[in-house]
Amino acid sequence: MNTIQSVKIINIPKVHDERGYLAVIEKDTIPFPIKRVYYLYDVPNDSFRGGHAHKNQESIIIALSGSFEVIVDDGKRKQRIMLNKPNQGLYIPIQIWREIENFSSGAVCLVLASTNYDENEYIREYSKFCNQLLG
Ligand code: TYD
C-alpha cells in the first residue's frame, strides 16, 4: 500500500543562460517510462480537477505555467502541495487519491503518465478508494 510519504517533488534539471531557462526530462529524471502526456489549460479558477486514484498509473504533475494546488490522500493522511515552478514535478504513485484546485489564471497543468488512458483503471469514488485500501 502506498502512503503520501511516497509522493515526492522531483527537481527537473534546467539549463540557464541570458536567453532564459531550458528544462529537460530524460529517462533517468523520472521513475517510470512515459506512455502518455496530457495537459489541462484554460481552467476556471473555481474548477476542481482530479478527484480520483489510479490502480496502475503513476503520474508526474508539473505546473508548466502559473500555479495550482494538489491534494494527495492515502486514505489516512492528506497533504496539500502548491505547484508553481515549471522545473518541479510532483510524483504520485499508484493508489493515491488526488484533487487539483485553485488554478491561477493562465495555469497549465502537465501530466506525465506511465500508462495509456484506460477508464477501467480509475477509481473515481472516494468510498471505493477507501474500501479498496482495506483489502
Ligand atoms: P478527467 O479524468 O475527468 O480529468 P481530470 O484528470 O482533471 O480529473 O478527464 C476528463 C475527460 O477526458 C474524461 O472524459 C476522460 C477524458 N480523458 C481522455 O480521453 N484521455 C486521457 O488521457 C485523459 C486523462 C482523460
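**Salt bridges and ring pairs in a predicted model**

Hi everyone, let me start with one residue: tyrosine 126 is partly exposed, at 35% relative accessible area. Before I go on, please keep in mind that this is a predicted model.

So who does tyrosine 126 sit with? Tyrosine 126 shares helix H1, residues 126-134, with phenylalanine 129, and the two are 3 residues apart, about one turn of the helix. Is phenylalanine 129 buried or exposed? With a relative accessible area of 1%, phenylalanine 129 is buried.

Now the rings themselves. A pair of aromatic rings is described by the distance of the centres and the angle of the planes. The count for this structure comes to 7 aromatic pairs. In one of them, tyrosine 126 with phenylalanine 129, the ring centres are 5.9 Å apart and the planes make an angle of 40 degrees, so this pair is tilted. There is a third partner here too: ring pairs join Trp97 to Tyr126 and Phe129 in a cluster.

Let's move to charges. Side chains of opposite charge can pair when their charged atoms come close. How many salt bridges does a search of the whole structure find? It finds 6, and I'd like to walk you through some of them.

My favourite is glutamate 69 with arginine 80, a salt bridge with 2.9 Å from N to O. Glutamate 69 belongs to strand E7 (residues 68-73) and arginine 80 to strand E8 (residues 78-83), so this pair ties together parts that are 11 residues apart in sequence. Glutamate 69 counts as buried at 15% relative accessibility, whereas arginine 80 is partly exposed at 46%. If you have the structure open, look for Glu101 as well: a network of salt bridges links Glu101 with Glu69 and Arg80.

Next, arginine 19 and aspartate 17. Their closest N and O atoms are 2.7 Å apart, and the two form a salt bridge. Which side of this pair is exposed? Arginine 19 is, with a relative accessible area of 72%, while aspartate 17 counts as partly exposed at 25%.

Finally, glutamate 119 pairs with arginine 124 in a salt bridge, and here the closest N and O atoms are 2.6 Å apart. Glutamate 119 is partly exposed, with a relative accessible area of 34%. Arginine 124 also counts as partly exposed, at 44% relative accessibility.

To wrap up, the two groups to find on your screens are the ring cluster of Trp97, Tyr126 and Phe129, and the salt-bridge network of Glu69, Arg80 and Glu101. Thanks for listening!

Key: Residues numbered from 1 in each chain as written. Predicted model: local features only at pLDDT ≥ 70, side-chain atom pairs only at ≥ 80, totals over all residues. Heavy atoms only, no water. Salt bridge = Lys/Arg side-chain N within 4 Å of Asp/Glu carboxyl O. Buried < 20%, exposed > 50% of the residue type's maximum accessible area, 1.4 Å probe, protein only. Helix = DSSP H or I, 4+ residues; strand = E, 2+ residues; numbered from the N terminus. Phe/Tyr/Trp six-rings, centres within 6.5 Å; stacked < 30°, edge-to-face > 60°.
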